[in-house]
Amino acid sequence: MNVLALNCGSSSVKFQLVAAGATSGAERSIARGQVERLGAEAIFRVESEGHAPFRESHALEDHAAAVKRIADWMRATKLAVDAVGHRVVHGGARFTEPCLVDGSVAAEIDRLEELAPLHNGPSLAGIRAARKALGARIPMVAVFDTSFHSTIPEPAATYAIPWQLAEKHGIRRFGFHGTSYRWVLERYCALANTTANQATLVAFHLGNGASAVAIERGRSVDTSMGFTPLEGLVMGTRAGDMDPALVAFIAEREKLSPKKIEDLLNSKSGLLGVSGRSKDMRDLLEHQADDPRARLALEVFCHRARKYLGSYLAVLRGADAVAFTGGIGEHAATVRARICDGMEWCGIRVDAERNERVVGVEGEIGARNSKVRVFVIPTDEEWLISRDAAECVRKHLDA
């Protein structure tokens, strides 16, 4: 079974075609790539078995156009697609495992878009585009980021607001980046030669969206993102944690509607808001020496992450390891070092030479005398999505 995994971000689509074996562990990657910078000058890149790497740039205005281009390339390369797995960020309380997408599932994903405005919409657009491009007979499977965090205990998932209000509207901590954290947990167990039910660690997914998770014996017990992906760490354009009273304060002073405030906090804050120049960590690192606000944005980002590292070590009563993933976590050695700086008191020591060497690859960056091991683990959400989709389709066929 060839499974196409689609990961629709706010302005990109990552994909991977995987030949799924009859059992888990027998998979093989056939092709992988992404469409970046959706719009007039989108970039389409792909690497595949038996073909030279392919790259082109032309207009792909939205997610539907990107998915169509991917499907066209598959056909031109004579690669069959038997099922499609879609990353869906917010599954709410209903979806705690992968499921086939029918009309009611699509409607619920659409309803949950208000809680993940940068992601659920693109995911649904990807589902519709894949149906149109590949045909209605191809099974579509939704894999939800929130499902990994369904194990968070009630004290960590509950907001201290009137109980009746929370019950009425289903308000609780959901958490996100779950597919990425599942991959990190799996690879950590392989690297540390342990099993999931013995794995206790703090993991950071640091990219344009950023979060942290406390994993105890293989289960998520707390995470920085909450009811929506806005809470927690400083991100590329999201504010993360802040005083809720600021919403009313800014709305009154600036004469902005609640919707405008939500857009401000989701799309114009974070690294971009503080620096005034960029949401891209690479740009901020390049200009930190000559731009005080770029330097401040970096410091705020690392300070917030360090706070979560300390608090999750307290939640877990200590941990075996810390793991970094995501675009920043995998490539920005300076950021990793700053987050771990001063954490020797709790047994975390980063080896400077190791840290500089492990960039974009899997490896250990902790010092040899670090009581808490420190890893870089590049994420592969598309691989897990394809595996989940294959298992879901098989269960449906066997039922």
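**Exercise 1. The buried side of α8**

Task: In this predicted model, determine which residues of α8 are buried, and establish where they sit around the helix axis.

Solution: Begin with the residues that fall under 20% relative accessible area, the limit for counting as buried; in α8 these are I261, L265 and N266. Next, consider their directions around the axis, which span an arc of only 125 degrees, so that the three residues are placed on the same side of α8. This agrees with what is expected of helices in general, since an α-helix has 3.6 residues a turn and residues three or four places apart therefore point the same way. Then turn to the other side of α8, where K259 and K260 are exposed. Finally, look for what covers the buried residues: they pack against α7.

**Exercise 2. How α7 meets α8**

Task: Describe the packing of α7 against α8 by the crossing of their axes, and then work out which residues make the contact.

Solution: Two packed helices are described by the angle between their axes and the distance between the axes. For helix α7, residues 245-254, and helix α8, residues 258-267, the axes come within 10 Å and cross at roughly 115 degrees, and the crossing is right-handed. The contact is made on the α7 side by V247, I250 and A251, and on the α8 side by I261, L264 and L265. Sorting these residues by character gives six nonpolar, no polar and no charged.

**Exercise 3. A second helix pair, α1 and α3**

Task: Carry out the analysis for α1 and α3, giving the crossing of their axes and the character of the residues in contact.

Solution: The axes of α1, which covers residues 63-76, and α3 come within 8 Å and cross at roughly 40 degrees, and here too the handedness of the crossing is right-handed. From α1 the contact draws on H63, A64, V67, K68, A71 and R75, while α3 supplies P122, A125, G126, A129, A130, A133 and L134. These residues divide into nine nonpolar, two polar and two charged. To place α3 in its surroundings, note that this helix, residues 120-134, lies across the strands β1, β6 and β8, and that it runs at about 170 degrees to β6.

**Exercise 4. The open sheet and its edges**

Task: Write down the strand order of the eight-stranded open sheet, and decide which strands stand at its edges.

Solution: The order is β5-β4-β3-β2-β1-β6-β8-β7, with mixed pairing. Reading the two ends of that order, β5 (51-60) and β7 (99-100) stand at the edges with a single partner strand each, and one side of each is therefore left without a neighbour in the sheet. For β5, the pairing with β4, residues 39-48, is antiparallel and extends over seven bridges; within it, I43 has S57 of β5 as its bridge partner. A residue of this edge strand can then be examined, namely P53, which lies in β5 and is exposed, at 65% relative accessible area. Once neighbours within four places in sequence are set aside, P53 is in contact with V46 and E47.

**Exercise 5. An enclosed strand**

Task: Decide from its burial whether β12 is enclosed or open to the surroundings, and identify the strands that pair with it.

Solution: In β12, residues 321-325, five of the five residues are buried, so the strand is largely enclosed by the rest of the structure. Divide the residues by direction: A321, A323 and T325 point one way, V322 and F324 the other way, and all are buried. In a regular strand, side chains alternate between the two faces of the sheet. As for pairing, β9 and β12 run parallel over five bridges, with H205 bridged to T325 of β12. β12 also pairs in the parallel sense with β14, residues 373-376, over four bridges, and V322 has V374 of β14 as its bridge partner.

**Exercise 6. Positive phi in two loops**

Task: Find where R37 lies and where N193 lies, and state whether each is buried or exposed.

Solution: R37 has a positive phi of about 55 degrees, although it is not a glycine; this residue lies in the loop between β3 and β4 and, at 61% relative accessibility, counts as exposed. N193, likewise not a glycine, has a positive phi of about 55 degrees. N193 belongs to the loop between α6 and β9, and its relative accessible area of 71% makes it exposed.

Terms used: Residues are numbered from 1 along each chain as its sequence is written. This is a predicted model: local features need pLDDT of at least 70, side-chain atom pairs count only at pLDDT 80 or more; totals for chains, interfaces and linings use all residues. Side-chain values use heavy atoms; hydrogens and water are left out. Axes are lines fitted to C-alpha atoms, for helices over the stretch in contact, and angles run from 0 to 180 degrees between N-to-C directions. A crossing is left-handed if the near helix is turned anticlockwise from the far one by less than a right angle, and right-handed if clockwise. Contact means heavy atoms within 4.5 Å. Ala, Val, Leu, Ile, Met, Phe, Trp, Tyr, Cys and Pro count as nonpolar, Asp, Glu, Lys and Arg as charged, and the others, Gly among them, as polar. Two strands pair if DSSP finds at least two bridges between them. Buried means under 20% relative accessible area, exposed over 50%, partly exposed in between (1.4 Å probe, protein chains only). The arc is that of the directions from the helix axis to the C-beta atoms.
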